[in-house]
Amino acid sequence: MEPPQLGLIEQSFNSRYSNWAREALDELPDNFTITDPCISGHPIVFASRGFLKMSGYSRDQVVGRNGRMFQGPNTCRRSVMEIREAIREERGVEISLLNYRKDGTPFWMLFRMAPVFGKDEGRVIHFVAVQVPILRRRQRRRNGEGLCGEILSNSCRREVCSSSSVELAGVSAADSDCRALEIEEKCEASDTEKQLAATAISNVLSVLTHYSESTGRLVCEKRFGPSLVSSSLHISLGRIKQSFVLVDPHLPDIPIVYASDAFLRMTGYARNEVLGQNCRFLTGVDTDPSALHQIKQSIQAQQACSVRILHYRKDKSSFWNLLHISPVRNATGKIAYFVGVQIEEGSVDRHGLSPEMRQLSVVGSIKVAVRSSSMSYSIH
């Protein structure tokens with residue numbers, strides 16, 4: 001793992017939870033991993049002792065890697081796609097999955113995943129994935145006139161029954177047949193195993209919630225606040241370094257659902273003070289009402305507009321904002337957001353681009369990001 005990536009992973013966990021969180025999580029008996037969808041590659045940022053023992057890997061071999069490292073040739077691709085879709089939609093999922101240990105042996109497990117939300121931001125911070133080994137399943141097959149039945153996932157035992165006597169011949173072939181069945185046929189979890197997974201998720205979320213309190217960056221298992229952008233779109237927008245906000249015209253009062261870091265630096269506000277608010281908090285006593293009317297008309301007409309408007313920072317200092325507003329459509333052509341790109345009058349671009357060219361470049365990048373994100377949903 002590259003040093004910059006390692007730094008991001010350390011920050012992902014340490015910036016949210018106190019130093020005692022790792023120790024508390026390690027005391028839990030459950031098999032689980034914690035991943036960060038906001039880091040490129042969606043890597044594992046924590047793996048429990050139980051998970052490491054079950055998989056045969058060390059922590060250094062797991063942290064920083066994507067969960068696909070545990071998949072193998074017989075892992076069901078449809079199940080993997082269900083998990084990916086749940087991640088994109090930022091929701092939980094529970095599914096039986098065939099994974100592989102470090103030594104290459106396959107095993108069936110119940111995979112249960114849940115998102116962890118930042119209470120202030122309302123976006124997904126982490127995913128918790130619990131893995132419960134499926135200890136046994138029942139499979140009934142015809143074998144001549146008899147029925148055979150119980151297969152254990154670890155030992156894969158086959159009991160051959162006939163109307164007259166138990167035939168011991170061919171046991172080796174039967175065992176081999178069972179191992180093939182164990183891999184090829186989907187293994188369903190019992191109600192007990194499902195309850196174990198649900199309890200494990202609850203335990204992990206409880207620890208994360210508790211140890212986020214001391215950092216002041218609270219997490220929770222349900223989204224609070226306005227409907228924000230998905231984590232995949234959040235990652236794409238984070239690569240755009242200029243000052244801009246996205247607002248959702250489909251929500252009451254057209255609130256801000258994304259604010260770039262450059263916007264926060266320009267205005268002096270914190271992210272939690274901005275998200276969910278209408279942009280009018282930037283206006284003040286000397287803001288021209290006609291400029292506000294022009295913005296309102298452009299949104300109602302679903303058209304782009306550029307306006308020079310007097311705005312105010314958090315410290316009450318004013319600045320002339322060269323504001324460009326444009327509708328942003330998703331892959332189906334429907335307007336999903338409006339973007340507002342802000343450039344402080346008098347600022348100089350290091351590449352020598354005019355304010356108009358800088359604004360159009362940002363708008364173009366945002367449109368590509370939104371369209372790509374919505375296409376990911378439609379594909380699945």
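## Close-ups of a predicted model

**View 1. A hairpin links β11 and β12.** In this predicted model, five residues sit between strands β11 and β12 in their hairpin, and one residue to look for is Lys316, with a positive phi near 80°. The two strands run antiparallel and are joined by eight bridges. To find your way along the ladder, start at Leu310: its bridge partner in β12 is Trp320. How much of β11 is buried? Six of its eight residues are, so the strand is largely enclosed by the rest of the structure.

**View 2. Another hairpin carries the chain from β12 to β13.** Here, too, five residues lie between the strands, and Gly333 in the turn has a positive phi of about 95°. Nine bridges hold β12 and β13 together as an antiparallel pair. A handy landmark is His324, whose bridge partner in β13 is Val341. As for β13 itself, nine of its 10 residues are buried, so the rest of the structure largely encloses this strand.

**View 3. On to the pairing of β9 with β13.** Strand β9 covers residues 244-247, and strand β13 covers residues 335-344. They pair in the antiparallel sense, over four bridges. Two spots help you line them up. Leu246 stands opposite Val339 in β13, while Val247 has Phe338 of β13 as its bridge partner.

**View 4. Zoom out a little and the whole sheet appears.** In which order do the five strands of this open sheet come? Reading across, you meet β10, β9, β13, β12 and β11, with antiparallel pairing. The edge strands are β10 (256-259) and β11 (305-312), each pairing on one side only. From one strand to the next, the twist averages 30°. Helix α11, made of residues 289-300, packs on this sheet and touches β11, β12 (318-329) and β13. The direction of α11 makes about 135° with that of β11. If you're wondering what lies behind the word "pair", strands of a sheet pair through backbone hydrogen bonds, either parallel or antiparallel.

**View 5. Two phenylalanine rings stack.** Phe13 and Phe46 form a stacked aromatic pair, with 5.7 Å from centre to centre and 20° between the planes. Where in the chain do Phe13 and Phe46 come from? Phe13 belongs to helix α1 (residues 3-14) and Phe46 to strand β2 (residues 44-47), so look for distant parts of the chain, 33 residues apart, linked by this pair. Both Phe13 and Phe46 are buried. Keep looking around them and you'll find a cluster, in which ring pairs link Phe13, Tyr17, Phe32 and Phe46. The count of aromatic pairs comes to seven.

**View 6. Here is a stretch with a label from a record.** UniProt, in an unreviewed entry, places the feature "domain: PAS" at residues 40-90 and 256-278. Take the piece at 256-278: its end C-alpha atoms lie 6 Å apart. That span is 48% helix and 17% strand.

**View 7. Finally, step back to the full chain.** There are 12 helices and 13 strands in the protein chain. Of its 380 residues, 46% are buried. The chain exposes about 19,700 Å², and carbon and sulfur atoms supply 50% of that area. Now consider contacts between residues at least 6 apart in sequence: 51% of them join residues at least 24 apart.

Definitions and conventions
Residues numbered from 1 in each chain as written. Predicted model: local features only at pLDDT ≥ 70, side-chain atom pairs only at ≥ 80, totals over all residues. Heavy atoms only, no water. Pairing = 2+ DSSP bridges. Axes fitted to C-alpha atoms, helices over the stretch in contact; angles between N-to-C directions. Contact = heavy atoms within 4.5 Å. Buried < 20%, exposed > 50% of the residue type's maximum accessible area, 1.4 Å probe, protein only. Areas by Shrake-Rupley, 256 points an atom, 1.4 Å probe, with all protein chains shown as cover. UniProt positions renumbered as here; feature names shortened; annotations may be inferred. Phe/Tyr/Trp six-rings, centres within 6.5 Å; stacked < 30°, edge-to-face > 60°.
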